[in-house]
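Subject: The structure I promised you

Hi,

Here is the structure we talked about, ready for you to open and turn around on screen. Have a look at it first, then read on.

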Amino acid sequence: MDELLYLTDENGNETAFEVLDVVEWGDDDYAVLFPADGGDGAVLLQILPAEAGEAETFVGVDEDTMQAVFQKFRELHKDELQ
């Protein structure tokens, strides 16, 4: 995926991220993102479904969820990550 996603933080700062993948884990979807400027590593955010007429919402996850989803991401992309 060579898609860019622009997220705005609580201070109004916009950051571009490359969408590496969307991973399904449990009943939820998670976006695996990498800062477009090369930043400090991958970011994982849960994707909350959009309400009618609104954009999707992205929220942070706890450490256990992060580890589990990153493990699944690594399994899905093991050939690309070698």
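Below is what came out of going through it, one region at a time.

One thing to keep in mind from the start: this is a predicted model.

Let's begin with helix α1, which covers residues 63-76. Three of its residues are worth clicking on, among them T65. Is T65 buried or exposed? T65 counts as buried because its relative accessible area is 12%, and the cut-off for buried is under 20%. Which residues does T65 touch, if you skip its neighbours within four places in sequence? The answer is W25, Y30 and L44.

Next, go to V69, also in helix α1. Its relative accessibility is 0%, so V69 is buried too. Again skipping neighbours within four places in sequence, V69 is in contact with V23, W25, Y30 and L44. Try drawing a line from V69 to Y30: these two are 39 residues apart in sequence, but their C-alpha atoms sit 7.6 Å apart in space.

The third one is F73, another residue of helix α1. F73 has a relative accessibility of 10%, so it goes down as buried. Beyond its neighbours within four places in sequence, F73 makes contact with L20, D21, V23, V32 and L81. How far apart in space are F73 and V23, C-alpha to C-alpha? The distance is 6.7 Å, although 50 residues separate the pair in sequence.

Now move over to strand β2, which runs over residues 14-25, and find V22 there. V22 is partly exposed, because its relative accessible area comes to 36%. From the C-alpha of V22 to that of L33 it is 8.8 Å, and the two are 11 residues apart along the chain.

Last stop, the surface. Which residues gather there in a patch of negative charge? They are E24, D27, D29 and E56. Of these, E56 is in the loop that links β4 (43-48) to β5 (57-59). With a relative accessible area of 46%, E56 is classed as partly exposed, because that value falls between the 20% and 50% cut-offs.

If you want a quick exercise, colour T65, V69 and F73 by one scheme and E56 by another: those three are buried, whereas E56 is partly exposed.

Cheers

Conventions:
Residues numbered from 1 in each chain as written. Predicted model: local features only at pLDDT ≥ 70, side-chain atom pairs only at ≥ 80, totals over all residues. Heavy atoms only, no water. Patch = residues over 30% accessible without salt bridge, like charges linked within 9 Å, V, L, I, M, F, W, Y side chains within 5 Å. Areas by Shrake-Rupley, 256 points an atom, 1.4 Å probe, with all protein chains shown as cover. Salt bridge = Lys/Arg side-chain N within 4 Å of Asp/Glu carboxyl O. Lys, Arg positive; Asp, Glu negative; His and termini not counted. Charge placed at Lys NZ, Arg CZ, Asp CG, Glu CD. Helix = DSSP H or I, 4+ residues; strand = E, 2+ residues; numbered from the N terminus. Buried < 20%, exposed > 50% of the residue type's maximum accessible area, 1.4 Å probe, protein only. Contact = heavy atoms within 4.5 Å.
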